[in-house]
Amino acid sequence: MTRRRQIYEGKAKILYEGPEPGTLIQYFKDDATAFNAQKRGTIQGKGVLNNRISEHVFTALQTIGVPTHFIRRLNMREQLIRQVEIVPIEVVIRNVAAGSLSKRLGIEEGTQLPRTIIEYYYKDDALGDPMVADEHIACFGWASQDEMNDIADMAIRVNDFLCGMFSAIGIRLVDFKLEFGRIWDGDFSRIILADEISPDGCRLWDMKSNEKLDKDRFRQDLGGVEEAYQEVARRLGLLPEGEESAVLDMESHRKKRGK
């Protein structure tokens, strides 16, 4: 049996050589990190849930014409994807004040923003993924102006779709991050959506209780992390209804913690 060749390992995923040229296998790990990997841990079953959730979201986005790297899910933890040249920019879309935006500008967390904000961050862990402006991106050639126009247009389209999708299942999409990549056809390239969309990279709040259903439960030591991810999957129809382990019962969770 031939051992497959590893291409890259990140904080949450491993990329392996795919079965055909131009493809990769993306493996979802249970490892969890926060604050640029200063905090590390494991969320049991996270990789399985993120694989299913990201598959569901990317498939839905493809139906509305958003091009993505996703081809198909292979098993519980792996999916087949197109190999892309990653644009070294994280795109953060904010609908509600939270996280670093609240800290930077002194805006109370949970404040609905008057309009959606798109922010760009240079992907470099050693530098702490610094926030950058369009001028930095153009100056250093990280992406062309046409590519940034495509990225901004796609980001807004994805946000509009996801806000509606999550709202329909009682979840408020506070903010989320996207990554994009280039695929080449001869001398020409085009931008497509890459990476993943899951509770690892989204802030998802229950619309009634404001309970967090995302990785902030790990960042802030709130507990109930596995249950939160399961609850998102359950509401999306990816876990059977009625499974006790699939529901984030915050009252039971608080009793377990003695609060």
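A polar contact is a pair of N or O atoms within 3.5 Å; within protein, one of the two must be able to donate a hydrogen and the other to accept it, and residues adjacent in sequence count only if both atoms are side-chain atoms. With that term in hand, welcome to the exercises.

The model is predicted, with local features needing pLDDT of at least 70 and side-chain atom pairs counting only at pLDDT 80 or more, while totals for chains, interfaces and linings use all residues. Residues are numbered from 1 along each chain as its sequence is written, and side-chain values use heavy atoms, with hydrogens and water left out.

**Exercise 1. Describe the surroundings of Glu-179, starting from its strand.**

Step 1. Find the element: Glu-179 belongs to strand β12, residues 171-185. Helices (H or I, at least four residues) and strands (E, at least two) are DSSP runs, numbered from the N terminus.

Step 2. Decide on burial. Buried means under 20% relative accessible area, exposed over 50%, and partly exposed in between (1.4 Å probe, protein chains only). Glu-179 has 7% relative accessibility, so this residue counts as buried.

Step 3. Look for polar partners. The side chain of Glu-179 makes a polar contact with the side chain of Lys-123 at 3.2 Å, and another, of 3.3 Å, with the side chain of Lys-177.

Step 4. List the neighbours. Contact means heavy atoms within 4.5 Å. Leaving out residues up to four places away in sequence, Glu-179 touches Ile-86, Glu-90, Lys-123, Leu-193, Ala-194 and Asp-195.

**Exercise 2. How do the axes of helix α1 and helix α6 cross?**

Step 1. Take the geometry. Axes are lines fitted to C-alpha atoms, for helices over the stretch in contact, and angles run from 0 to 180 degrees between N-to-C directions. The axes of α1 (residues 46-63) and α6 (residues 225-235) come within 10 Å and cross at roughly 25°.

Step 2. Name the arrangement. That crossing makes α1 roughly parallel to α6; angles under 35 degrees count as roughly parallel, over 145 as roughly antiparallel, 65 to 115 as roughly perpendicular and the rest as oblique.

Step 3. List who meets whom. From α1 come Lys-46, Leu-49, Asn-50 and Ile-53, and they meet Glu-226, Tyr-229, Gln-230, Val-232 and Ala-233 of α6. The residues of this contact divide into five nonpolar, two polar and two charged. Here Ala, Val, Leu, Ile, Met, Phe, Trp, Tyr, Cys and Pro count as nonpolar, Asp, Glu, Lys and Arg as charged, and the others, Gly among them, as polar.

**Exercise 3. Which residues of α6 are buried, and what covers them?**

Step 1. Count: eight of the 11 residues of α6 are buried, leaving the helix mostly covered.

Step 2. Name them: Val-225, Ala-228, Tyr-229, Gln-230, Glu-231, Val-232, Ala-233 and Arg-234.

Step 3. Find the cover, which includes α1, α4, β12, β14 (202-206) and α5 (216-219).

Step 4. Step past the helix: α6 is followed by Gly-237, with a positive phi near 85°.

**Exercise 4. Is Asp-129 buried or exposed, and where does it lie?**

Step 1. Asp-129 lies in the loop between β10 (112-122) and β11 (131-132).

Step 2. With 13% relative accessibility, Asp-129 counts as buried.

Step 3. Check the backbone: phi of Asp-129 is near 50°, a positive value in a residue other than glycine.

Step 4. Try Asn-210 in the loop between β14 and α5. Its phi is also positive, near 65°, and at 40% relative accessibility Asn-210 counts as partly exposed.
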